[in-house]
Amino acid sequence: MTKFHQPIDAAEVPRFAGHSTFMRLPAVASAAGLDIALVGIPWDGGTTNRAGARHGPREVRNMSSLMRSAHHASGIAPFEIANIADVGDLSVNPIDLMDGIARIEAGMAAIVATGALPLAVGGDHLTTLPSLRAVSKGPRGGGKALGMIHFDAHSDTNDTYFGGNRYTHGTPFRRAIEEGVLDPKRVVQIGIRGSVYEPGEHDWAKAQGIRIIYMEEFVARGPEAVIAEALEIVGQAPTYITFDIDSIDPSMAPGTGTPEIGGFTTREAQQMLRLLTGANIAGADVVEVAPPFDLAGMTALAGATVMFELMCVMAAQVDRNR
(Lines give C-alpha, C1' and ligand atoms only; values in the text may rest on other atoms or scores of the structure.)
Protein backbone atom coordinates (compact mmCIF):
# COMPACT_ATOMS: atom_id res chain seq x y z
CA MET A 1 0.00 0.00 0.00
CA THR A 2 1.47 3.34 -1.03
CA LYS A 3 1.96 5.97 1.65
CA PHE A 4 1.06 8.77 -0.77
CA HIS A 5 -2.31 10.43 -1.38
CA GLN A 6 -4.43 8.63 -3.96
CA PRO A 7 -7.23 9.90 -6.20
CA ILE A 8 -10.75 8.58 -5.89
CA ASP A 9 -11.13 5.51 -8.08
CA ALA A 10 -13.52 6.27 -10.96
CA ALA A 11 -14.41 2.57 -11.09
CA GLU A 12 -15.77 2.89 -7.55
CA VAL A 13 -17.19 6.43 -7.47
CA PRO A 14 -18.30 7.95 -10.80
CA ARG A 15 -16.50 11.06 -11.99
CA PHE A 16 -19.59 13.23 -11.72
CA ALA A 17 -19.99 12.47 -8.01
CA GLY A 18 -18.15 13.65 -4.92
CA HIS A 19 -16.15 16.78 -4.18
CA SER A 20 -14.45 18.52 -7.10
CA THR A 21 -10.68 18.59 -6.53
CA PHE A 22 -7.70 18.54 -8.86
CA MET A 23 -7.29 14.96 -10.14
CA ARG A 24 -9.85 13.81 -7.51
CA LEU A 25 -7.09 13.94 -4.92
CA PRO A 26 -7.65 14.81 -1.27
CA ALA A 27 -8.08 18.47 -0.38
CA VAL A 28 -5.55 19.45 2.26
CA ALA A 29 -5.05 22.64 4.26
CA SER A 30 -1.28 22.87 3.85
CA ALA A 31 1.44 21.82 1.43
CA ALA A 32 3.51 20.44 4.30
CA GLY A 33 4.54 16.86 3.53
CA LEU A 34 3.68 17.13 -0.15
CA ASP A 35 6.05 16.69 -3.06
CA ILE A 36 3.74 18.54 -5.47
CA ALA A 37 1.05 21.00 -4.41
CA LEU A 38 -1.82 21.55 -6.86
CA VAL A 39 -3.21 25.03 -6.30
CA GLY A 40 -5.79 27.31 -7.88
CA ILE A 41 -5.33 31.05 -8.46
CA PRO A 42 -8.83 32.33 -9.31
CA TRP A 43 -7.83 35.88 -10.28
CA ASP A 44 -7.88 37.81 -13.55
CA GLY A 45 -7.24 41.34 -12.36
CA GLY A 46 -4.62 41.85 -15.07
CA THR A 47 -6.88 41.01 -18.02
CA THR A 48 -6.96 43.64 -20.77
CA ASN A 49 -9.76 42.23 -22.94
CA ARG A 50 -12.06 39.28 -22.21
CA ALA A 51 -12.21 38.60 -18.46
CA GLY A 52 -13.20 35.18 -17.11
CA ALA A 53 -9.99 33.34 -16.22
CA ARG A 54 -10.85 33.82 -12.53
CA HIS A 55 -13.23 30.91 -13.06
CA GLY A 56 -10.51 28.70 -14.55
CA PRO A 57 -9.43 26.73 -11.48
CA ARG A 58 -12.96 25.57 -10.65
CA GLU A 59 -13.64 24.27 -14.17
CA VAL A 60 -10.20 22.70 -14.55
CA ARG A 61 -10.85 20.85 -11.27
CA ASN A 62 -14.11 19.58 -12.74
CA MET A 63 -12.56 18.37 -16.00
CA SER A 64 -9.54 16.89 -14.22
CA SER A 65 -11.87 14.16 -12.98
CA LEU A 66 -11.32 12.65 -16.45
CA MET A 67 -7.64 12.04 -15.70
CA ARG A 68 -6.70 8.54 -14.55
CA SER A 69 -3.85 7.25 -12.40
CA ALA A 70 -1.11 6.50 -14.94
CA HIS A 71 0.26 7.99 -18.15
CA HIS A 72 -0.43 5.71 -21.09
CA ALA A 73 2.70 6.66 -23.08
CA SER A 74 5.42 7.19 -20.47
CA GLY A 75 4.09 4.67 -17.97
CA ILE A 76 4.51 7.23 -15.18
CA ALA A 77 2.11 6.61 -12.28
CA PRO A 78 2.48 9.97 -10.52
CA PHE A 79 0.52 9.09 -7.39
CA GLU A 80 2.72 6.07 -6.75
CA ILE A 81 6.01 7.99 -6.84
CA ALA A 82 5.12 11.41 -5.39
CA ASN A 83 2.88 12.76 -2.66
CA ILE A 84 0.41 15.10 -4.40
CA ALA A 85 -2.74 16.83 -3.18
CA ASP A 86 -5.02 19.80 -3.83
CA VAL A 87 -4.16 22.65 -1.43
CA GLY A 88 -7.14 24.75 -2.53
CA ASP A 89 -7.21 28.27 -3.92
CA LEU A 90 -4.97 31.14 -2.93
CA SER A 91 -6.55 34.16 -1.28
CA VAL A 92 -7.22 36.82 -3.92
CA ASN A 93 -8.66 40.32 -4.15
CA PRO A 94 -10.80 40.79 -7.28
CA ILE A 95 -11.07 44.58 -6.92
CA ASP A 96 -7.51 45.62 -5.97
CA LEU A 97 -4.82 44.67 -8.48
CA MET A 98 -1.75 45.31 -6.33
CA ASP A 99 -3.22 43.65 -3.26
CA GLY A 100 -4.21 40.70 -5.44
CA ILE A 101 -0.61 40.31 -6.63
CA ALA A 102 0.69 40.56 -3.06
CA ARG A 103 -1.77 37.91 -1.84
CA ILE A 104 -0.75 35.51 -4.61
CA GLU A 105 2.94 35.95 -3.80
CA ALA A 106 2.33 35.33 -0.11
CA GLY A 107 0.26 32.24 -0.81
CA MET A 108 2.83 30.79 -3.18
CA ALA A 109 5.63 31.64 -0.73
CA ALA A 110 3.87 29.58 1.95
CA ILE A 111 3.71 26.61 -0.44
CA VAL A 112 7.34 26.73 -1.59
CA ALA A 113 8.56 27.22 1.98
CA THR A 114 7.41 23.64 2.73
CA GLY A 115 9.65 22.28 -0.04
CA ALA A 116 6.70 21.27 -2.23
CA LEU A 117 6.77 21.96 -5.96
CA PRO A 118 3.82 24.22 -6.87
CA LEU A 119 1.69 23.36 -9.90
CA ALA A 120 -0.84 26.17 -10.22
CA VAL A 121 -3.90 26.81 -12.36
CA GLY A 122 -4.84 30.44 -13.03
CA GLY A 123 -6.15 32.92 -13.56
CA ASP A 124 -4.66 35.29 -16.10
CA HIS A 125 -0.94 35.36 -16.95
CA LEU A 126 -0.17 38.15 -14.51
CA THR A 127 -0.55 35.52 -11.77
CA THR A 128 2.76 34.07 -12.94
CA LEU A 129 4.69 37.18 -11.82
CA PRO A 130 4.03 36.72 -8.07
CA SER A 131 4.53 32.98 -8.49
CA LEU A 132 7.97 33.59 -10.02
CA ARG A 133 8.82 35.95 -7.15
CA ALA A 134 7.91 33.34 -4.56
CA VAL A 135 9.66 30.43 -6.28
CA SER A 136 12.81 32.48 -6.93
CA LYS A 137 13.05 33.47 -3.27
CA GLY A 138 12.16 29.98 -2.00
CA PRO A 139 14.42 27.04 -1.15
CA ARG A 140 14.53 25.72 -4.71
CA GLY A 141 15.18 29.12 -6.28
CA GLY A 142 17.81 30.02 -3.71
CA GLY A 143 17.25 33.72 -4.22
CA LYS A 144 18.51 33.54 -7.80
CA ALA A 145 16.86 34.37 -11.10
CA LEU A 146 14.95 31.47 -12.63
CA GLY A 147 14.96 30.13 -16.15
CA MET A 148 11.63 29.67 -17.88
CA ILE A 149 10.08 27.64 -20.67
CA HIS A 150 7.02 29.58 -21.79
CA PHE A 151 4.29 28.25 -24.10
CA ASP A 152 2.12 31.08 -25.39
CA ALA A 153 0.75 32.97 -28.37
CA HIS A 154 2.05 36.21 -26.82
CA SER A 155 5.42 37.26 -25.45
CA ASP A 156 3.90 39.14 -22.47
CA THR A 157 6.94 41.42 -22.31
CA ASN A 158 5.20 44.71 -23.12
CA ASP A 159 5.85 47.67 -20.85
CA THR A 160 2.58 49.47 -20.07
CA TYR A 161 -1.09 49.56 -21.00
CA PHE A 162 -3.86 52.14 -20.54
CA GLY A 163 -2.08 55.23 -19.33
CA GLY A 164 1.08 53.71 -17.92
CA ASN A 165 -0.30 50.70 -16.04
CA ARG A 166 2.72 48.41 -15.59
CA TYR A 167 0.86 45.34 -14.30
CA THR A 168 -1.34 43.48 -16.79
CA HIS A 169 -1.32 40.00 -18.28
CA GLY A 170 0.70 41.45 -21.17
CA THR A 171 3.60 42.64 -18.95
CA PRO A 172 4.51 39.95 -16.36
CA PHE A 173 7.82 38.81 -17.82
CA ARG A 174 9.12 42.33 -18.42
CA ARG A 175 8.50 43.05 -14.72
CA ALA A 176 10.05 39.70 -13.70
CA ILE A 177 13.22 40.46 -15.65
CA GLU A 178 13.42 44.00 -14.25
CA GLU A 179 13.00 42.62 -10.72
CA GLY A 180 15.74 40.03 -11.22
CA VAL A 181 13.54 36.99 -10.58
CA LEU A 182 13.83 35.82 -14.20
CA ASP A 183 17.07 35.36 -16.14
CA PRO A 184 16.25 36.45 -19.73
CA LYS A 185 19.16 34.48 -21.16
CA ARG A 186 17.50 31.33 -19.79
CA VAL A 187 14.02 32.11 -21.11
CA VAL A 188 12.50 30.39 -24.14
CA GLN A 189 9.11 31.42 -25.53
CA ILE A 190 7.44 28.91 -27.84
CA GLY A 191 4.47 29.41 -30.15
CA ILE A 192 4.45 33.21 -30.34
CA ARG A 193 2.21 34.43 -33.17
CA GLY A 194 -0.54 36.81 -34.21
CA SER A 195 -0.68 40.50 -35.01
CA VAL A 196 1.30 42.93 -32.86
CA TYR A 197 0.88 46.54 -31.77
CA GLU A 198 3.97 47.64 -33.70
CA PRO A 199 6.69 45.98 -35.82
CA GLY A 200 9.29 46.16 -33.04
CA GLU A 201 7.06 44.91 -30.25
CA HIS A 202 9.44 42.07 -29.34
CA ASP A 203 12.67 44.03 -29.71
CA TRP A 204 13.04 44.66 -25.97
CA ALA A 205 12.62 40.96 -25.18
CA LYS A 206 15.16 39.93 -27.80
CA ALA A 207 17.62 42.56 -26.60
CA GLN A 208 17.50 41.03 -23.10
CA GLY A 209 18.44 37.64 -24.54
CA ILE A 210 15.06 35.92 -24.60
CA ARG A 211 14.84 33.19 -27.25
CA ILE A 212 11.54 33.62 -29.08
CA ILE A 213 10.47 30.66 -31.20
CA TYR A 214 7.63 31.89 -33.36
CA MET A 215 4.96 29.47 -34.49
CA GLU A 216 6.33 29.45 -38.03
CA GLU A 217 9.70 28.20 -36.77
CA PHE A 218 8.01 25.62 -34.55
CA VAL A 219 6.10 24.24 -37.54
CA ALA A 220 9.28 24.04 -39.62
CA ARG A 221 11.36 22.32 -36.93
CA GLY A 222 8.88 20.22 -34.92
CA PRO A 223 8.42 19.55 -31.20
CA GLU A 224 11.53 17.41 -30.63
CA ALA A 225 14.04 19.92 -32.02
CA VAL A 226 12.37 22.88 -30.34
CA ILE A 227 12.24 21.32 -26.89
CA ALA A 228 15.80 20.01 -27.23
CA GLU A 229 16.93 23.60 -27.79
CA ALA A 230 14.78 24.87 -24.91
CA LEU A 231 16.31 22.34 -22.51
CA GLU A 232 19.79 23.32 -23.63
CA ILE A 233 19.05 27.01 -23.00
CA VAL A 234 17.60 26.58 -19.49
CA GLY A 235 20.23 24.01 -18.51
CA GLN A 236 20.14 22.36 -15.10
CA ALA A 237 19.50 25.47 -13.01
CA PRO A 238 15.99 25.93 -11.53
CA THR A 239 13.39 26.54 -14.22
CA TYR A 240 9.74 27.55 -14.21
CA ILE A 241 7.29 26.13 -16.76
CA THR A 242 4.34 28.32 -17.73
CA PHE A 243 1.67 27.22 -20.19
CA ASP A 244 -0.83 29.74 -21.50
CA ILE A 245 -3.80 27.83 -22.90
CA ASP A 246 -4.00 30.31 -25.79
CA SER A 247 -0.85 28.68 -27.19
CA ILE A 248 -3.28 25.98 -28.34
CA ASP A 249 -5.33 26.83 -31.42
CA PRO A 250 -8.77 28.26 -30.52
CA SER A 251 -10.42 25.52 -32.57
CA MET A 252 -9.33 23.24 -29.71
CA ALA A 253 -9.23 25.76 -26.84
CA PRO A 254 -11.67 28.60 -27.50
CA GLY A 255 -12.22 29.51 -23.85
CA THR A 256 -9.47 32.06 -23.33
CA GLY A 257 -9.08 35.82 -23.09
CA THR A 258 -7.01 36.52 -26.20
CA PRO A 259 -7.42 33.74 -28.78
CA GLU A 260 -5.04 33.62 -31.75
CA ILE A 261 -5.59 31.27 -34.68
CA GLY A 262 -2.75 29.12 -35.98
CA GLY A 263 -1.73 27.60 -32.65
CA PHE A 264 -0.55 24.23 -31.41
CA THR A 265 -2.76 21.20 -31.69
CA THR A 266 -3.45 19.55 -28.36
CA ARG A 267 -1.33 16.62 -29.56
CA GLU A 268 1.65 18.89 -30.24
CA ALA A 269 1.28 20.41 -26.79
CA GLN A 270 1.32 16.96 -25.21
CA GLN A 271 4.38 15.97 -27.21
CA MET A 272 6.33 18.99 -26.03
CA LEU A 273 5.39 18.62 -22.38
CA ARG A 274 6.43 14.98 -22.33
CA LEU A 275 9.85 15.99 -23.64
CA LEU A 276 10.49 18.25 -20.62
CA THR A 277 11.84 15.31 -18.63
CA GLY A 278 15.30 16.28 -17.47
CA ALA A 279 14.59 19.95 -16.79
CA ASN A 280 15.07 21.14 -13.21
CA ILE A 281 11.49 22.27 -12.64
CA ALA A 282 11.06 24.54 -9.62
CA GLY A 283 7.38 25.30 -10.30
CA ALA A 284 4.80 25.39 -13.06
CA ASP A 285 1.43 26.78 -14.00
CA VAL A 286 -1.39 26.61 -16.54
CA VAL A 287 -3.11 29.94 -17.15
CA GLU A 288 -5.79 31.82 -19.10
CA VAL A 289 -8.53 29.15 -19.12
CA ALA A 290 -11.67 31.32 -19.28
CA PRO A 291 -14.77 29.12 -18.89
CA PRO A 292 -17.32 31.82 -19.86
CA PHE A 293 -16.00 31.57 -23.44
CA ASP A 294 -15.60 27.79 -23.49
CA LEU A 295 -17.58 25.20 -25.46
CA ALA A 296 -18.59 21.95 -23.75
CA GLY A 297 -15.69 22.31 -21.32
CA MET A 298 -13.12 21.60 -24.05
CA THR A 299 -10.68 24.34 -22.98
CA ALA A 300 -10.92 23.31 -19.34
CA LEU A 301 -10.27 19.73 -20.44
CA ALA A 302 -7.21 20.88 -22.38
CA GLY A 303 -6.05 22.74 -19.27
CA ALA A 304 -6.58 19.70 -17.04
CA THR A 305 -4.70 17.49 -19.50
CA VAL A 306 -1.78 19.94 -19.71
CA MET A 307 -1.77 19.94 -15.91
CA PHE A 308 -1.66 16.12 -15.84
CA GLU A 309 1.21 16.06 -18.35
CA LEU A 310 3.19 18.55 -16.24
CA MET A 311 2.37 16.66 -13.05
CA CYS A 312 3.75 13.43 -14.51
CA VAL A 313 7.03 15.08 -15.54
CA MET A 314 7.32 16.73 -12.11
CA ALA A 315 6.54 13.47 -10.29
CA ALA A 316 9.25 11.70 -12.26
CA GLN A 317 11.67 14.45 -11.24
CA VAL A 318 10.71 14.01 -7.59
CA ASP A 319 11.25 10.28 -7.85
CA ARG A 320 14.68 10.71 -9.47
CA ASN A 321 15.77 13.18 -6.83
CA ARG A 322 14.50 11.01 -4.01
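This passage walks through the sheet, the helices around it and some salt bridges in a predicted model.

The centrepiece here is an open sheet of 8 strands, lined up in the order 2-1-3-8-7-4-5-6 with parallel pairing. Strand 2 (84-89) and strand 6 (211-214) sit at the edges, so to speak, each pairing on one side only. On average, neighbouring strands are turned by 15° against each other, direction ignored. Zooming in, strand 4 (residues 146-151) and strand 7 (residues 239-244) pair in the parallel sense over 5 bridges, and Met148 stands opposite Tyr240 of strand 7.

Helices pack on this sheet too. Helix 1 (residues 56-63) touches strand 1 (36-41), strand 2 and strand 3 (117-122), and its direction makes about 105° with that of strand 3. Helix 3 (residues 97-113) also touches strands 1, 2 and 3, but its direction makes about 170° with that of strand 1. Helix 4 (residues 128-137) is mostly covered, with 9 of its 10 residues buried; among them are Leu129, Leu132 and Arg133.

Then there are the salt bridges, 18 in total. Asp89 and Arg61 meet at 2.9 Å, N to O, linking strand 2 to helix 1 across 28 residues of the chain. Asp89 is partly exposed at 41% relative accessible area, whereas Arg61 is buried at 8%. Glu105 and Arg133 form another salt bridge (3.4 Å, N to O). Because Glu105 lies in helix 3 and Arg133 in helix 4, this pair ties together parts 28 residues apart in sequence. Both Glu105 and Arg133 are buried. Finally, Asp159, Arg166, Arg174, Arg175 and Glu178 are linked in a network of salt bridges.

Key:
Residues are numbered from 1 along each chain as its sequence is written. This is a predicted model: local features need pLDDT of at least 70, side-chain atom pairs count only at pLDDT 80 or more; totals for chains, interfaces and linings use all residues. Side-chain values use heavy atoms; hydrogens and water are left out. Two strands pair if DSSP finds at least two bridges between them. Helices (H or I, at least four residues) and strands (E, at least two) are DSSP runs, numbered from the N terminus. Axes are lines fitted to C-alpha atoms, for helices over the stretch in contact, and angles run from 0 to 180 degrees between N-to-C directions. Contact means heavy atoms within 4.5 Å. Buried means under 20% relative accessible area, exposed over 50%, partly exposed in between (1.4 Å probe, protein chains only). A salt bridge is a side-chain nitrogen of Lys or Arg within 4 Å of a carboxyl oxygen of Asp or Glu.
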